[in-house]
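Visitor: Hi, I've got a structure open and I'm a bit lost. Can you walk me through some of the strands and loops?

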Amino acid sequence: QVQLVESGGGLVQPGGSLRLSCAASTSTFRMTTMNWYRQAPGKQRELVARVTNSGNTNYADSVKGRFTISRDNAENTGFLQMNSLKPEDTAVYYCNAILTNIGTMRQYSYWGQGTQVTVSS
C-alpha cells in the first residue's frame, strides 16, 4: 500500500517561510505529477501548485512569486517552499501525486494526510 507522508506545516508569522515535504513510500512506483492543494475553513479545496514529470510548473495566481514547487525524483518526494506568507495562506495543505507503477505503467492518484499551515502574528 502506497502512502504519501506530509511534513513541514506549522505556525508562522506573516512574512515568514515554511517548507512542506511529501514523500511517497514506495519502490515500485515513480512519481509522475505532484500537486499541492489547500483548503481553508469554509472554502473549497484549491490547487496551489503543480510540477509535471518534465519539470513544468504551474501556480495559482495568489501564490505566484512567493511559492516554489519542486521534486526529487530519486526519492519520490515533492516540496513546496512557501515564502512571504500571508494570513490568507492559512489552510490545510494536501499533496496529491500521480504515481506510475514501474511494471504495469498504470497510473494511480494518491493523497497525503494534510498538514496545517497557520499564518498569524
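Visitor: Let's start with β4 and β5. How many bridges join them, and do they run parallel or antiparallel?
Guide: This is a predicted model, and in it 5 bridges join β4 to strand β5, residues 46-51. The two strands run antiparallel.

Visitor: Which residue in β5 stands opposite Trp36?
Guide: That's Ala49.

Visitor: And what links the two strands?
Guide: β4 and β5 form a hairpin, with 6 residues between them. Gly42 sits in that turn and has a positive phi of about 80 degrees.

Visitor: Okay, how many of the residues in β4 are buried?
Guide: 9 of its 11 residues are, so "mostly covered" is a fair description of β4, counting a residue as buried when its relative accessible area is under 20%.

Visitor: Which other strand does β4 pair with?
Guide: β4, which spans residues 29-39, is also joined to β9. There are 10 bridges there, and the strands run antiparallel.

Visitor: Can you give me some partners to click on?
Guide: Sure. Arg38 has Tyr93 in β9 as its bridge partner, and Arg30 is partnered with Thr100 in β9.

Visitor: Now β9 itself. How many of its residues are buried?
Guide: β9 covers residues 91-101, and 9 of those 11 residues are buried.

Visitor: What about β10?
Guide: β10 is residues 107-111, and 5 bridges join β9 to it, again with the strands antiparallel. To find your way, look for Asn96, which stands opposite Trp111 in β10. β9 and β10 make a hairpin with 5 residues between them. In the turn, Met105 has a positive phi of about 70 degrees.

Visitor: How many bridges join β9 to β11?
Guide: 3 bridges, with β11 being residues 115-119 and the two strands antiparallel. Tyr93 stands opposite Thr115 in β11. Tyr93 is also the residue that partners Arg38.

Visitor: Which way do side chains point along a strand, generally?
Guide: In a regular strand they alternate between the two faces of the sheet.

Visitor: Changing topic: where is Gly15?
Guide: Gly15 is in the loop between β2 (10-12) and β3 (18-24).

Visitor: Is Gly15 buried or exposed?
Guide: Exposed, because its relative accessible area is 52% and the cut-off for exposed is over 50%.

Visitor: What does Gly15 touch, apart from its neighbours within four places in sequence?
Guide: Gly15 is in contact with Ser84 and Leu85. Gly15 and Ser84 are 69 residues apart in sequence, yet their C-alpha atoms are 4.1 Å apart in space.

Definitions and conventions. Residues are numbered from 1 along each chain as its sequence is written. Side-chain values use heavy atoms; hydrogens and water are left out. Buried means under 20% relative accessible area, exposed over 50%, partly exposed in between (1.4 Å probe, protein chains only). Helices (H or I, at least four residues) and strands (E, at least two) are DSSP runs, numbered from the N terminus. Two strands pair if DSSP finds at least two bridges between them. Contact means heavy atoms within 4.5 Å.
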